[in-house]
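Hi everyone, thanks for coming. Today I'd like to walk you through one model, with its sequence and structure up on the screen.

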There are 2 protein chains.
Amino acid sequence: MSFQLKGRVVFFATNNINKFNEARKVLAEYKIAVGMIRVKTFEIQSESLEEIAVTSACAAFKKSNLPVIAEDAGLFIEALNGFPGPYAAYVYKAIGNKGILKLMENVENRKAKFQSVIAYCASERKLPLCFKGEVVGVITKEERRGNAGFGFDPIFEPLNGGGKTFAEMTVEEKNKYSHRASALRKFAEWYKGKR
Amino acid sequence: MSFQLKGRVVFFATNNINKFNEARKVLAEYKIAVGMIRVKTFEIQSESLEEIAVTSACAAFKKSNLPVIAEDAGLFIEALNGFPGPYAAYVYKAIGNKGILKLMENVENRKAKFQSVIAYCASERKLPLCFKGEVVGVITKEERRGNAGFGFDPIFEPLNGGGKTFAEMTVEEKNKYSHRASALRKFAEWYKGKR
């Protein structure tokens, strides 16, 4: 079956509905429609977000033959030598926010940053493109939840974010500060200009 | 250049000299000589030790055209939902033994196990073979170092190991108990029988 895609549309290869919702709202600002495709991709064990995002995007494109973005993100805590880094999802599942707070007990330097890389792949002939976003902030002393957010959001407070953790913000608020929204905006600017 | 390998010889693709030394001593018991080859292999990000070991062994074989073993190991702590698991090397580099001990503060259940998978690859036509080893034990309350060991050895005390951590043992002693030695022995038994 073939069909024509009207306007601008891209597919986000992810199994994380929260990431998809964040992306949907950011890309809507640019009038880019986004579909979610769940593709079993294998993530390579690498400490490079770019490498992981590119591999995922290319694998998803190969299987779907659709213009695809994939994302990889990491949380890098200065006092823990960058831990959990690109392994954030695994570490979250195993030890959660409580584990990170325990590692950070009596640690004065609370500096941390989230990084996101969006990779875009829509052709086997062209190299995939990467767009990076970053947000700096601090690890809080306790979890602070609201109605939104996921993963380490309840323990991450972005600089100049009004003292709220990502989890205490609405998706729209989080999108003003977040690494992912920043990477998505760079992608969107490029994507809008490309035709 | 081609040359004939006399007797039994296999190449261990690793960048860890400690692992190589453990392997050398175990395989010597079986009169199998082992060379070390440092090959830049990429490890896939997977929670399966088998998958990682197989991918590494196949990549090393492809580059060297030599009969190759590769290993992947993990430390699985029960109270931490299996953390750090297959990411042991990365986690060790970031938070070390002190990080694990902090996560285990006031945790009564100290049960943990090391697992090792040795993958053997010597042909593109044959599927690589895997050999597994495991050792159960406990996470100690503090680091106990001796003259040997590496990684998490100073905080892991195997069951029936005379109350010593792996780091308080000689390589020969550690090889009586360790996950890696156990996997290597299974490999050696098979390798000796195969011709």
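I'll start with the overall build of one chain, then turn to strands and helix crossings.

A word on conventions: this is a predicted model, so local features need pLDDT of at least 70 and side-chain atom pairs count only at pLDDT 80 or more, while totals for chains, interfaces and linings use all residues. Residues are numbered from 1 along each chain as its sequence is written, and chains are lettered from A and ligands numbered from 1 in the order in which they are written.

Chain A has five helices and eight strands; these are DSSP runs numbered from the N terminus, with helices being H or I of at least four residues and strands E of at least two. Along the sequence, the order in chain A is β-α-β-β-α-β-β-α-β-β-β-α-α. Its radius of gyration is 17 Å, close to the 16 Å from the globule rule for 195 residues, so chain A is as compact as a globular protein of that length. For the record, that radius is taken over C-alpha atoms, and the rule is 2.2 Å times the number of residues to the power 0.38. The C-alpha atoms of chain A fill a box of roughly 60 × 35 × 25 Å along the principal axes.

Now the strands, which pair if DSSP finds at least two bridges between them. In chain A, β6 (residues 111–121) and β7 (residues 129–139) pair antiparallel over ten bridges, with F114(A) partnered by V135(A). β7(A) is also joined to β8 (residues 156–158) by three bridges, again antiparallel, and there V138(A) stands opposite E157(A).

On to the helices. How do the axes of α3(A) and α3(B) cross? Helix α3 (residues 88–103) of chain A and its namesake in chain B, also residues 88–103, come within 9 Å and cross at roughly 110 degrees. Axes are lines fitted to C-alpha atoms, for helices over the stretch in contact, and angles run from 0 to 180 degrees between N-to-C directions. The two helices are therefore roughly perpendicular, a label for 65 to 115 degrees; under 35 counts as roughly parallel, over 145 as roughly antiparallel and the rest as oblique. I95(A), G99(A), K102(A) and L103(A) meet I95(B), G99(B), K102(B) and L103(B), where contact means C-beta atoms, placed from the backbone, within 7 Å.

Finally, within chain B, α1 (residues 17–28) and α5 (residues 179–193) come within 10 Å and cross at roughly 45 degrees, which makes α1(B) oblique to α5(B).

Thanks, and happy to chat!

Note on methods. Two residues are in contact if their C-beta atoms, placed from the backbone, lie within 7 Å.
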